[in-house]
Each structure stands twice: as C-alpha cells, then as structure tokens.
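User: I should like to understand the terms used to describe a ligand and its surroundings. Please explain them with the structure in view.

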Amino acid sequence: MSLSEAEFSYVRDLVYRQAAIVLEKEKNYLVEARLSPLVRRHGFNSLSELVAQMRSQPNNGLSWHVVEAMTTNETSFFRDVHPFELLKKNVLPELIQRRAALRQINFWCAAASSGQEIYTILMLLRENFPQLQTWKINFIASDISKEMLERCREGCYSQLEVNRGLPAPLLINYFQKIGTQWQIKDELRRMVDFRQFNLAQAWPALPPMDVIFMRNVLIYFDMETKKGILSRVKRILKPDGYFFLGGAETTLNIDESFKRVQIDKTAYYQTGPV
Ligand SMILES: C[S@@+](CC[C@H](N)C(=O)[O-])C[C@H]1O[C@@H](n2cnc3c(N)ncnc32)[C@H](O)[C@@H]1O
C-alpha cells in the first residue's frame, strides 16, 4: 500500500493541525505502515480510498483515528531507570521537607501514553515513602490520544509489557492477573485523574505543579510548538518544582529560563533559583 505525494501531504497537514506532530517527507513509510491497519479495520481497499473518505467527510471521526494512529506510544515501566532513581533519592526527600507544612504534592505526567510512567511513580511512592499516605497527593495523567487514555484507565498490561522494566515484587504487590493480562489494582487506578488534551493548544486549568514528567513528546514537535509548551510549563511549574524531559530532549536553545540540574546520569529542570 502506498500514498501519492498529495495524499501524504494531506495526512501530514492534518496531523500537524490536530496534534502538532511534524512528519517529515521521508516519514512516508511510517505513515503507510501506521495507516495500513486502519485501511483493513474500516473496510477500505487501499490507503488512497481511506484518504479520499477523509477528504470528503472530514468530520466523521475517521480523521481522528488517523491522527491517533500517527502518535508514537512507546513506553515502559521504569523507562530509562535514572529519572526514577533521582525521584527516589533526591527529589522526593527534598519535596517532603519543603512541603512539610502544606502536606500536599501535585504530580503531572504529560504524554502518559498507556500509563506505565504514572503507575511507576505511584508504585515508587508506595514502596519508598509510606509517610505520604496521609498527605494529599494529586496525580494527573494526560495525553492527546483517547485510546491511550482508555488504556491508562484500564491499567491492563500484557505479559510482554510487564516484562519490560517492572520488578517481579511490584508485579506481585500491585497487579492482579485477569486472563492473560495483568491489571493494576483499583486503589492505584483510582488515584489518577486522567485528562485528554493537546499540549500544543491552550491547556485546561491545572493546579500549580511540584513535579512534571513530560518525557519523549517534545521530540515530535517543531521549535515554535516547543517554545509555546515550555512557556506554559513555566506558568504552572512551581519555582522550586521539578520538570523532567526524555533523554534526547532539553530546554537548551529553546527557553533559557529553565535551569538544568544534572545529578549522576540524569537531569531535571527548574524555573526558580536553584
Ligand atoms: C513516546 S510516548 C511517551 C510516553 C511516556 N511519557 C514515556 O516517556 O515513556 C509519547 C506520547 O505523547 C502523546 N502525544 C503526542 N502528541 C501530543 C500532543 N500534541 N499533546 C499531548 N500528547 C501528545 C502520544 O499520544 C504518546 O502517547
């Protein structure tokens, strides 16, 4: 199955308009690979037929399926390990001291994908900071993809997914086996407020944040979109709050008001004096 230049341009413009994701011309192969399953699922005979249907009825929901199919949802429990070590050894002990009077911490996992990242944070807190059980801890997890947020809410993972990064004792303590799937316990799922929105457009009201994980999503955007997102992050991140990006991402050369704090093999960013 292949796309003509005009069809590729139509999909590329749609995905940019709806999700700010930049698809370079050489990503034609990716578009074809991601959309081929949709062709079969929706009963079309070719990619051209699918694009023609989107063009003739742009508001019938098919376009949104295409946008969702073009998001990359790669994630895993304890992805990259070091940010979570930093959270455990430095960030949380510091925050617990600083917020001792308030007894409240707000976490936001932007670009949550299928939920492994937010549930990693929840388990890490449960395992290492039992004193926080009496604090008010708020967890928000957001993503543009409705399908991914549904997966987050269900908290169900295959054997392959739990094999990727989840230590066996945590699997035993926090999951129950349902058929061939592992579902995270209800008490943890209920702690997360799941929200669907586009980081590249105006954000809904969010509380001031102590910790923001926005990992492995800025890489898909152009400079203008990254600048817009970082300026919004600055508004909601508390001056002594902690901002985490993916290993291949940085605020450098995008917004110089963030200070990078490197500890061991990883880093976080802050907007206030460090
Ligand atoms: C590669 S995953 C990152 C998951 C997780 N943060 C991690 O690092 O393991 C990127 C996620 O960003 C989401 N995403 C892409 N564009 C977005 C946008 N404009 N607004 C919000 N989320 C977006 C995708 O749906 C996808 O789930």
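User: How do the residues of the shell around the ligand divide into nonpolar, polar and charged?

Analyst: The shell holds 9 nonpolar, 8 polar and 5 charged residues. Ala, Val, Leu, Ile, Met, Phe, Trp, Tyr, Cys and Pro count as nonpolar, Asp, Glu, Lys and Arg as charged, and the others, Gly among them, as polar. This is a predicted model, in which local features need pLDDT of at least 70 and side-chain atom pairs pLDDT 80 or more, while totals for chains, interfaces and linings use all residues. Residues are numbered from 1 along each chain, and side-chain values use heavy atoms, without hydrogens and water.

User: What makes the pair formed by the ligand and A19 a polar contact?

Analyst: A polar contact is a pair of N or O atoms within 3.5 Å. A nitrogen atom of the ligand lies 2.8 Å from a polar backbone atom of A19, so the pair meets the definition. The side chain of N73 also qualifies, with a polar atom 3.0 Å from a ligand oxygen atom, as does that of E117, with an N or O atom 3.1 Å from a ligand nitrogen atom.

User: Why are β4 and β5 called paired strands?

Analyst: Strands (DSSP runs of E, at least two residues, numbered from the N terminus) pair if DSSP finds at least two bridges between them. As 4 bridges join β4 to β5 (residues 181-184), the two pair, and they run antiparallel. Within this pair, F175 stands opposite I184 in β5.

Notes:
A polar contact is a pair of N or O atoms within 3.5 Å; within protein, one must be able to donate a hydrogen and the other to accept it, and residues adjacent in sequence count only if both atoms are side-chain atoms.
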